[in-house]
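Could you walk me through this structure in the viewer, one selection at a time? I would like to know what to click on next and what I will find there.

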Amino acid sequence: QVQLVESGGGLVQAGGSLRLSCAASGSIATLNLMGWYRQAPAKQRELVATISTRGTTNYSDSVKGRFTISRDNAKNTVYLQMNSLRPEDTAVYYCNVRSLIYGTNYWGQGTQVTVSS
């Protein structure tokens with residue numbers, strides 16, 4: 001029912017920037033969290049950042065000050081602006097939408113971000 005379409009991943013040099021976008025289509029609950037997670041090879045999926053409907057944000061310590069999450073409620077779209085990228089940021093980044101009304105989770109297909117040293 002709900003589909004998440006991501007874009008913006010790619011290959012950049014250390015210190016560069018990327019902007020990820022994720023557009024959700026279908027029936028999205030009014031109260032929800034949108035966010036980004038990432039998974040590097042041989043590592044667990046980890047939180048990058050989340051943002052509530054009202055704009056409350058939460059960041060992992062490793063990206064705070066470098067990444068900025070934002071959303072457009074009218075378009076059901078979440079963005080992740082990534083600056084000062086480091087090789088350690090290399091991972092597959094996944095978009096997530098979690099309904100706070102029904103407790104359902106939806107995931108994007110994942111987009112590869114590679115940061116060269």
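Here is a tour in five stops, from charged side chains to the nonpolar core. Keep in mind as you go that this is a predicted model.

**Stop 1: the charged network**

Start by selecting Arg-38 and showing its side chain together with that of Glu-46. The two meet in a salt bridge, with 2.8 Å from N to O. How exposed is Glu-46? Its relative accessible area is 31%, which makes Glu-46 partly exposed. Arg-38, on the other hand, has 5% relative accessibility and counts as buried, because the cut-off for that is under 20%.

Now add Asp-89 to the selection. Its side chain also forms a salt bridge with Arg-38, at 3.0 Å from N to O. This pair ties together distant parts of the chain: Asp-89 lies in the loop between strand S8 (77-82) and strand S9 (91-99), while Arg-38 lies in strand S4 (residues 32-39), 51 residues apart. With a relative accessibility of 2%, Asp-89 counts as buried.

Next, bring in Arg-66, which makes a salt bridge with Asp-89 at 2.8 Å, N to O. Here too the partners come from distant parts of the chain, 23 residues apart, with Arg-66 in the loop between strand S6 (57-59) and strand S7 (67-72). Both Arg-66 and Asp-89 are buried. Through shared partners, the salt bridges join Arg-38, Glu-46, Arg-66 and Asp-89 into one network. How many salt bridges does the whole structure have? The search finds 3.

**Stop 2: strand S4 and its neighbours**

Stay with Arg-38, but now show the backbone of its strand, S4 (residues 32-39). Of the 8 residues of S4, 6 are buried, so the strand is largely enclosed by the rest of the structure.

Which strands does S4 pair with? One is S9, in the antiparallel sense over 8 bridges. Another is strand S5 (residues 46-52), also antiparallel, over 6 bridges. Gly-35 is a handy residue to click on here: it stands opposite Asn-96 in S9, and its bridge partner in S5 is Thr-50.

**Stop 3: the hairpin turn**

Follow the chain from S4 to S5. The hairpin of these strands has 6 residues between them, and Ala-42 takes a positive phi near 65 degrees there.

**Stop 4: the disulfide**

Select Cys-22 and Cys-95 and show them as sticks. They form a disulfide, with their sulfur atoms 2.1 Å apart. The bond connects distant parts of the chain, since Cys-22 sits in strand S3 (residues 18-25) and Cys-95 in strand S9, 73 residues apart. Is the disulfide left-handed or right-handed? The torsion about the S-S bond is about -85 degrees, so it is left-handed. Both cysteines, Cys-22 and Cys-95, are buried. The structure holds 1 disulfide, so there is no second one to look for.

**Stop 5: the nonpolar core**

Finish by selecting Trp-36, Leu-80, Met-82 and Tyr-93. These are the residues with the most contacts inside the largest nonpolar core, which has 27 residues. Where do the core residues come from? S3, S4, S5, S7, S8, S9 and strand S11 (111-116) each supply at least two of them. As a general point, nonpolar side chains in soluble globular proteins tend to be buried together.

How values were computed
Residues numbered from 1 in each chain as written. Predicted model: local features only at pLDDT ≥ 70, side-chain atom pairs only at ≥ 80, totals over all residues. Heavy atoms only, no water. Salt bridge = Lys/Arg side-chain N within 4 Å of Asp/Glu carboxyl O. Buried < 20%, exposed > 50% of the residue type's maximum accessible area, 1.4 Å probe, protein only. Helix = DSSP H or I, 4+ residues; strand = E, 2+ residues; numbered from the N terminus. Pairing = 2+ DSSP bridges. Disulfide = S-S within 2.5 Å. Core = buried A, V, L, I, M, F, W, Y, C linked by side-chain atoms within 4.5 Å.
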